[in-house]
Amino acid sequence: MKRFIAMIIMLLPFSAMASLPELNELANKYSSVDDVTVVNLTGEMFSMVGVSSEIDLSAINDIVVIQTESAKYAKAISKRFNKIAKSSEFASLANIDNEGTKVRMYQKTTGELIEFIVFVSEGDKIAILDICGKFNEESIATILDAIGNI
């Protein structure tokens, strides 16, 4: 799970624009639950930061992170997430199973907007990272390189 937190930190500078409504509903549902951590970083915050050396941060609309180590909530969130992933227009980019850790990456493209979701589970721990924005091929490659170096 520590590797996942490191991945989130590494991905923040590479993200950008409007996450899936179903994931926002899931985040809202669990935002007041003590055993679930929900982080929603808005585009307004990133527009104050401006441009980094890697990507224009002002293009970010929001980033949503949902994380829990509670078996009860991990099961419910995983079940709902799997339903969302199967019913939406997401392409599966990667399925990684390594020593009890499962990582799923999905992408959806709508015009210039690309939404990128990473789902990580390890035993009773799960985390979902949803980033959306105007990525170019170089930005996607940078994100995938960052994930690969963790």
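Is Ile-96 buried, partly exposed or exposed? The close-ups below come from a predicted model, and the answer waits in the third of them.

**View 1. Helix α2 and its two faces.** Let us start with helix α2, which spans residues 21-30. Four of its residues, Leu-23, Leu-26, Ala-27 and Tyr-30, are buried. Looking down the axis of α2, you will find these buried residues within an arc of 100°, so they line one face of the helix. Turn to the face that points away from the buried side, and you meet Glu-25, Asn-28 and Lys-29, which are exposed. The buried residues of α2 have several packing partners: the strands β1 (36-42), β2 (62-68), β5 (113-122) and β6 (125-133), together with helix α4 (71-87).

**View 2. Helix α2 against helix α4.** Here we stay with α2 and bring in one of its partners, α4. Two packed helices are described by the angle between their axes and by the distance between those axes. For α2 and α4, the angle is about 165° and the axes lie 10 Å apart. An angle over 145 degrees counts as roughly antiparallel, and α2 and α4 are therefore roughly antiparallel to each other. The crossing of α2 past α4 is right-handed. On the α2 side, the contact involves Glu-22, Leu-23, Leu-26 and Tyr-30. On the α4 side, these meet Tyr-73, Ala-76, Ile-77, Arg-80, Phe-81 and Ile-84. Sorted by type, the residues of this contact are eight nonpolar and two charged, with no polar ones. Leu-23, Leu-26 and Tyr-30 may look familiar from the first view, where they appear among the buried residues of α2.

**View 3. Ile-96 in strand β3.** Now for the opening question. Ile-96 sits in strand β3, which covers residues 91-98. Its relative accessibility is 37%, so Ile-96 counts as partly exposed. Setting aside neighbours within four places in sequence, you can find Ile-96 in contact with Thr-101, Lys-102, Val-103, Arg-104 and Met-105. Val-120 is worth finding in this view too: it is 24 residues away from Ile-96 along the chain, and the C-alpha atoms of the two are separated by 9.4 Å.

**View 4. Glu-99 in the loop between β3 and β4.** Our last stop is Glu-99, found in the loop that links β3 to β4 (101-110). Which backbone angle deserves a look here? Phi of Glu-99 is near 50°, a positive value in a residue other than glycine. Most residues other than glycine have a negative phi. With a relative accessibility of 76%, Glu-99 counts as exposed.

Methods: Residues numbered from 1 in each chain as written. Predicted model: local features only at pLDDT ≥ 70, side-chain atom pairs only at ≥ 80, totals over all residues. Heavy atoms only, no water. Buried < 20%, exposed > 50% of the residue type's maximum accessible area, 1.4 Å probe, protein only. Helix = DSSP H or I, 4+ residues; strand = E, 2+ residues; numbered from the N terminus. Arc of directions from axis to C-beta. Contact = heavy atoms within 4.5 Å. Axes fitted to C-alpha atoms, helices over the stretch in contact; angles between N-to-C directions. Parallel < 35°, antiparallel > 145°, perpendicular 65-115°, else oblique. Left-handed = near helix turned anticlockwise from the far one by under 90°. Nonpolar A, V, L, I, M, F, W, Y, C, P; charged D, E, K, R; others polar.
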